[in-house]
Every structure is written in structure tokens, then in C-alpha cells.
Amino acid sequence: MFRNFKLVPNVIFGRGCFSQMDEIIEKQRTDTDAWAVFVTDDVFQGKDLEKRIPLHDKDLLLWVNVDDEPKTSYVDKLTLEVKNTRSTLPCAVIGIGGGSSMDLAKAISLMLTNVGSSTLYQGWDLIQNPAVYHAAVPTLSGTGAEVSRTTVLTGPEKKLGMNSDYTVFDQIVLDPELIQNVPKDQHFYTGMDCYIHCVESLEGTFLNEFSKSYGEKSLALCRQVFIDNHQDKDDKLMMASFFGGMSIAYSQVGACHALSYGLSYVLGTHHGIGCCITFDALEEYYPDGVKEFRTMMEQTGIDIPRGLTANLSETQMETMITVALGLDPLWENCLGKDWKSIMTRDKARSLFLKI
Ligand code: NAD
Ligand code: ZN
């Protein structure tokens, strides 16, 4: 069965293109009561970007905090806040920030038109009704959240996205100027998320020409950013993220993402840094990728924390292994159909003990 997946229909790219945001959203303001919600990372409070958000009188500027990665309880709270603002639905929800803020915007736009808690929709194609029009403005590049059909949420029982065609953004605004002041370590961690997406896609058993074409280009762009320190590195990383997201959309990620989900579930480790930590322990599976990753780390002068699992209780370790091994498609992509005989619980434990 071939997957027939939805793409973002509208994309604008270029330094300074955020200035066209008002014009873009204007098309959604079809009546006099129309109002938009700007779901914005609170790191921009009081910064220049805040002044550039094209707010109209009735619009809501909804600051979001992403110290913790998005939780279903936070999505439910924010959705209620939007619903309580006016008696009508907003005409647009715009996410401004990194993967977390973009995911929050996707989730709010879905939950405004679907009843109950967001926990009900963690899974594949559970969403019943189309979302409110939603757009994204990435201010951090690497996750590919701007092109994906999921919004990753941690719920009381699981860390799982709301995967659906309705999740896909209606518009993305790719302005490389917005990522130029990201702190160096965060820039690296999120950038490596993209690099790892490409390695896992290109080395995976699910590879096909569609994923390969996007993955190879994205990998080449990552090298220009993190090895050559290219003068146009912001433009390049923004496109690498987009292409990396397109590559995994039609293949899958692999062992690193599976292990990082376990790590994140038990220790709350954030996605980018978590992927860096687990990737460093996967030389056996991705020898060339891990070698190049270490070169990039050296080149950018970034280090990663180590010894994370040294003081875990047995229960925590067992949970970490269960969460990681629960991601069947990721392991199948990495190791093939027979993956269960290769990635045993003992093997997974030995990998976790390395980090
Ligand atoms: P993030 O959005 O969690 O942000 C990381 C930090 O960078 C935060 O402190 C944020 O405030 C700050 N930040 C963002 N932009 C900044 C800027 N321009 N200047 C200064 N600081 C800035 O980081 P991320 O790595 O982009 O996203 C990770 C999240 O994305 C996780 O929640 C992960 O689950 C999710 N994710 C989603 C998908 C998807 O397809 N939906 C894919 C991968 C990851
Ligand atoms: Zn990732």
C-alpha cells in the first residue's frame, strides 16, 4: 500500500519575507469579525520580533512557554484560552518559534474544531474535523515540524503525535533572518536533528528515490552549515530542515530517534539534544554518520552531556527500554523486518548504558 500524503500548499521563502505575513493572513480575514491567534514562543517577549507581529485589533497574541516540550494538558489549556477569548473561532492560528511552538500551533488549530481532550487524538488519523487555517513561522531550523503531518505531544500515557492530513500547515513562512540569533548550542542540537533525520532515512531499509532525493540534498546542506560554516548558513539550514522533513515523510527515522524517545519519556530530555546524545552511541549502526557528527561537534565547539543513565533505577531503565522498543517502524527501518531478534532488550540496555 503506497502512502498518499499531503504537502504544505503554500510556502514563502527569503530573508525578510516575514514582513509579508499581514498580507498573507489578510486573505483569511473574510468578515469584519475575523480574528487571528499568534501562538508565539515567549523567548521573543520584548524582542524586535514582537513588534513585527502584524496584530489587528481583535487578534490574540498568545505567548507560549516551551521550557517543557508540548504536553496534552498544555494544549488543552491553551485551546480553552483561545475559545474563551471570543464567541467565534479565529480565522487563523499562526505558530512562531521552534518545533515546540509550531507543534503547539498545529495542536491548537486542531483542537479548536475537534471535541474533547487532545489525548483522544494521539495516534494516526484519529482527527475527525478539519483544523482552523494554520501557518508556521520557524525561528529555529532542523525538526522539519514545518512540513510534517504530526504534532508531537506528551500525554499522561504516551508520547505520541496527532498524525493526520489535517495537521499539515496551510502556509509556511521561511525567513532565514529569524534564525540568525539562535544560541549556538541550541542551533547545533536542532540542526543535528535534521542531520540525523537524513542519516536515518538514507541508511534505512524503507529508502526510496523520493526520500533519497530530499535526504541527499538536505545532508549536503547540513555539511555546508556545520563543516564549511558557509556564509549563507541560515538559508541553507532552513532548507535542510524542510528537505529533511520531506525525506522522512516518505521513509522513517531509525534507532537514534527510537532511543531518544525512551530517554525523553523517562528523563524529559529535549528532542534535539536527546538525539545528539543517543546518536553518539550508535557507531555500530551508523558508522559514517556518527564519525561525521563528531567532526561537526568539534568544528562547532559543542559538547553533549554524558553519563545520563548512570544513576537510573531499574524501573526507569526498564521503562526507557519499553518506550524505545515500542517504536516498531523505526526499528524495522533501521534493522529490517527481523529487527526483534537483533534489538533485544539486553542490546537496547547496553546502548542506553553507553550514554
Ligand atoms: P524548541 O522549539 O523546543 O525550542 C528550543 C529552545 O530554543 C527554546 O528555549 C526556545 O524558546 C528557543 N528558541 C526558539 N527560537 C529561538 C530564536 N530564534 N532565538 C533564541 N531562542 C530560540 O526546539 P526545536 O528543537 O526546534 O523543537 C523541538 C520540539 O519539536 C520537540 O517538542 C519535538 O518533539 C518537536 N518535533 C516535532 C516534529 C514534528 O514533525 N512535528 C519533528 C521533530 C521534533
Ligand atoms: Zn527528530
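**Reading rings and a zinc site**

Visitor: Is Trp339 buried or exposed, and how do I read that?

Guide: Trp339 is buried, with a relative accessible area of 5%. The cut-off is what to keep in mind here: buried means under 20% relative accessible area. Please remember as we go that this is a predicted model. Trp331 counts as buried too, at 0% relative accessibility.

Visitor: How many aromatic pairs does a search of the whole structure find?

Guide: There are 13 aromatic pairs in the whole structure. One of them joins Phe279 and Phe293, with ring centres 5.6 Å apart. Their planes stand at 85°, so this pair is edge-to-face. Trp331 and Trp339 form a stacked pair instead, with 6.3 Å from centre to centre and 20° between the planes.

Visitor: What describes a pair of aromatic rings in general?

Guide: Two values do it: the distance of the centres and the angle of the planes.

Visitor: Where do Phe279 and Phe293 lie along the chain?

Guide: Phe279 belongs to helix α9 (residues 271–279) and Phe293 to helix α10 (residues 287–300), so their pair ties together parts 14 residues apart in sequence. Both Phe279 and Phe293 are buried. They also belong to one aromatic cluster, together with Phe188, Tyr189, Tyr195, Phe226 and Tyr286.

Visitor: Which charged ends sit over the rings of Tyr250 and Tyr261?

Guide: Over the ring of Tyr250 sits the charged end of Arg3, 5.5 Å from the ring centre. For Tyr261 the partner is Lys159, whose charged end is 4.8 Å from the centre of the ring.

Visitor: Now the metal. Which residues coordinate the zinc ion (ligand 2)?

Guide: Asp193 coordinates the zinc ion (ligand 2) through OD, while His197, His257 and His271 each do so through NE2, at 2.1 to 2.2 Å. Along the chain, these donors follow the spacing D-x3-H-x59-H-x13-H. Asp193 sits in helix α5 (residues 184–202) and His257 in helix α8 (residues 255–267), so this pair ties together parts that are 64 residues apart in sequence.

Visitor: Why is the arrangement around the zinc ion (ligand 2) irregular?

Guide: Look at the angles. The four donor atoms subtend 86 to 166°, which makes the arrangement irregular. To count as tetrahedral, four donors would need all angles between 85 and 135 degrees.

Visitor: And are Asp193 and His257 buried or exposed?

Guide: Asp193 is buried, with a relative accessible area of 1%. His257 counts as buried as well, at 3% relative accessibility.

Conventions
Residues numbered from 1 in each chain as written. Chains lettered and ligands numbered in written order. Predicted model: local features only at pLDDT ≥ 70, side-chain atom pairs only at ≥ 80, totals over all residues. Heavy atoms only, no water. Donors = N, O, S within 2.8 Å, 3.2 Å for Na, K, Ca; no water. Tetrahedral: all angles 85-135°; square planar, octahedral: opposite > 155°, others 65-115°. Helix = DSSP H or I, 4+ residues; strand = E, 2+ residues; numbered from the N terminus. Buried < 20%, exposed > 50% of the residue type's maximum accessible area, 1.4 Å probe, protein only. Phe/Tyr/Trp six-rings, centres within 6.5 Å; stacked < 30°, edge-to-face > 60°. Lys NZ or Arg CZ within 6 Å of the ring centre and 35° of its normal.
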